[in-house]
Amino acid sequence: MKAIKLTKPCSADELNPVLVPCPKLKKGYVLIKVKAFGVNESEVTSRKGESSADFSYPRILGIEGVGIIKEVNPNSLFKVGQKVATMMGGMGRAIDGSYAEYMMVKEENVIPLQTDLPWDVIGAMPEMLQTAYGSLTEGLQVRSGDTLLIRGGSSTVGLMAIVVGKMLGARVVATTRQNKKIAELNFYGADEVVIDDSMIAATISRIVPEGFDKALELVGVTTLFQDMDFLRDNGLLCFTGALAGKWTIENFSPFLIPKGKYLTSYDGGTNDLPAKVFNKVLAQVASGEVKVPIAKVYHGLEEVGQAQENLESGKYLGKHVVVLD
């Protein structure tokens, strides 16, 4: 099969498909014919050789993918020809991932799909939906009527968190650093959009004077404590992402967390996105109720390098998706 298999750090224009053996099915796994996959920041990090210790070379990249079951073991829960999605579970890091014509995945990390949507739309969703849904339900326990801040709203997870937040019945306020992105965030459902500049505290105080019930942190630790100030008493903040690139706090003390406010984090997996939820969202996409943020669609493994370049550029809003014909 063809795959993007790395043996060392490289540039995006070196992401060329090579011929490698097709995975041989193991017990507890299914073999999936890949139809599409999203391109993610973590894969760019891995390509550059900057990932954490759970990543190793040689490796086929790709932390998420969608496709059709090609081969199963006896007594499998899945059937050949079934549409499925998968994400995380070590894919593209500890085990080979989705930048390939076929991928072998543990059954426990596979979600059955019931949809006739095109593959580019389905392929855009697994990782960003799982992260957004898990952050808001497992991390923040968002309820109808909550006021929710999404710090970093123009990221792919941020955009999907807006969609999921509205589905859960929250009033959603999202931030962006660029005025030109305000209309897009409103398009995906944000009730208010706040420019993330030196005046953000004053703006937040004006539009949500009572403070937020919940806040999702996607920018990183650089804005973490400011977001705590935006919470009401007993408010909850979930740290999920670090768009600014800083994940850790030097000389951290628990006493930095304000009294009566709560800090948690989210780093979940496939099991945090029930199949019924994924399929419900797919049905809402098909009916036009929910919009999927797609930046650009690419065709074939030969265009993976361009997809990563465009992702790194930061010029596009939404998900970069590669479709395999």
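This tour moves through a predicted model, from its domains to its cores, two helices and a set of salt bridges.

**The two domains**

Begin by colouring the chain by domain. Domain 1 comprises 2-126 + 270-323, and domain 2 comprises 140-265. Their C-alpha centres are 28 Å apart.

Next, display the residues where the two domains meet. Eleven residues of domain 1 are in contact with ten residues of domain 2. Between them the domains bury about 990 Å², and 79% of this area is on carbon and sulfur atoms. Select Lys291, Pro293 and Leu317 to see where much of the domain 1 side comes from: these three supply 59% of the area that domain 1 buries against domain 2, more than any other three residues.

Which polar links can be found across this boundary? The count of salt bridges between domain 1 and domain 2 is zero. The count of residue pairs in polar contact between the two domains, with both residues at pLDDT 80 or more, is also zero.

**The nonpolar cores**

Now select Ile150 and Phe278. These are the residues with the most contacts inside the largest nonpolar core, which has 51 residues. Add helix α4 (residues 156-167) to the selection, since this helix gives the most to the core, with seven residues. Where does this core lie with respect to the domains? Domain 1 and domain 2 both contribute residues, so the core lies between them.

Keep Ile150 at the centre of the view and show its surroundings. Beyond its neighbours within four places in sequence, Ile150 is in contact with Gly158, Ala161, Ile162, Val172, Val173, Ala174, Thr175, Leu216 and Leu218. Another core, of 36 residues, lies apart from this one; select Val30, Val105, Val110 and Val304, which are among its members.

**Helix α2 and Trp119**

Move to Trp119, which is found in helix α2 (residues 119-123). Is this tryptophan buried or exposed? Its relative accessibility is 17%, so Trp119 counts as buried. Select Lys35, Ala36, Val66, Gly67, Ile68 and Lys83 to see what Trp119 touches, residues up to four places away in sequence not being counted. To place Trp119 against a residue already visited, draw a distance to Thr175: the two C-alpha atoms are separated by 30 Å, and the residues are 56 apart along the chain.

**Helix α3 and Ser135**

Select helix α3 (residues 126-139) next. Of its 14 residues, 13 are buried, so the helix is largely enclosed by the rest of the structure. Within helix α3, pick out Ser135. This serine has 0% relative accessibility and therefore counts as buried. Leaving out residues up to four places away in sequence, Ser135 touches Leu140, Leu216, Cys238, Thr240 and Tyr266. Leu216 has already appeared on this tour, among the contacts of Ile150. Just after α3, stop at Gln141, where phi is positive, at about 50 degrees.

**Salt bridges**

The final stage concerns charged side chains. How many salt bridges does the model contain? The count comes to 14; three of the pairs are visited here.

- Select Lys48 and Glu312, whose side chains meet in a salt bridge at 2.7 Å, N to O. Lys48 lies in the loop between α1 (41-47) and β5 (59-60) and Glu312 in helix α9 (residues 304-313), so the pair ties together parts that are 264 residues apart in sequence. Lys48 is partly exposed, with a relative accessible area of 36%, and Glu312 is partly exposed at 36% relative accessibility. Add Arg47 to the view: Arg47, Lys48 and Glu312 are linked in a network of salt bridges.
- Select Asp54 and Arg93, which form a salt bridge with their closest N and O atoms 2.8 Å apart. Asp54 lies in the loop between α1 and β5 and Arg93 in the loop between β7 (83-87) and β8 (102-106), so this pair joins parts that are 39 residues apart in sequence. Asp54 is partly exposed at 41% relative accessibility, whereas Arg93, at 15%, counts as buried.
- Select Lys319 and Glu64, a salt bridge whose closest N and O atoms are 2.9 Å apart. Lys319 is in strand β17 (residues 319-323) and Glu64 in strand β6 (residues 64-71), so distant parts of the chain, 255 residues apart, are linked. Both Lys319 and Glu64 are buried.

Note on methods: Residues numbered from 1 in each chain as written. Predicted model: local features only at pLDDT ≥ 70, side-chain atom pairs only at ≥ 80, totals over all residues. Heavy atoms only, no water. Core = buried A, V, L, I, M, F, W, Y, C linked by side-chain atoms within 4.5 Å. Buried < 20%, exposed > 50% of the residue type's maximum accessible area, 1.4 Å probe, protein only. Helix = DSSP H or I, 4+ residues; strand = E, 2+ residues; numbered from the N terminus. Domains from an automatic or database assignment. Contact = heavy atoms within 4.5 Å. Buried area = accessible area lost by both parts, 1.4 Å probe. Salt bridge = Lys/Arg side-chain N within 4 Å of Asp/Glu carboxyl O. Polar contact = N/O pair within 3.5 Å; in protein donor to acceptor, adjacent residues only side chain to side chain.
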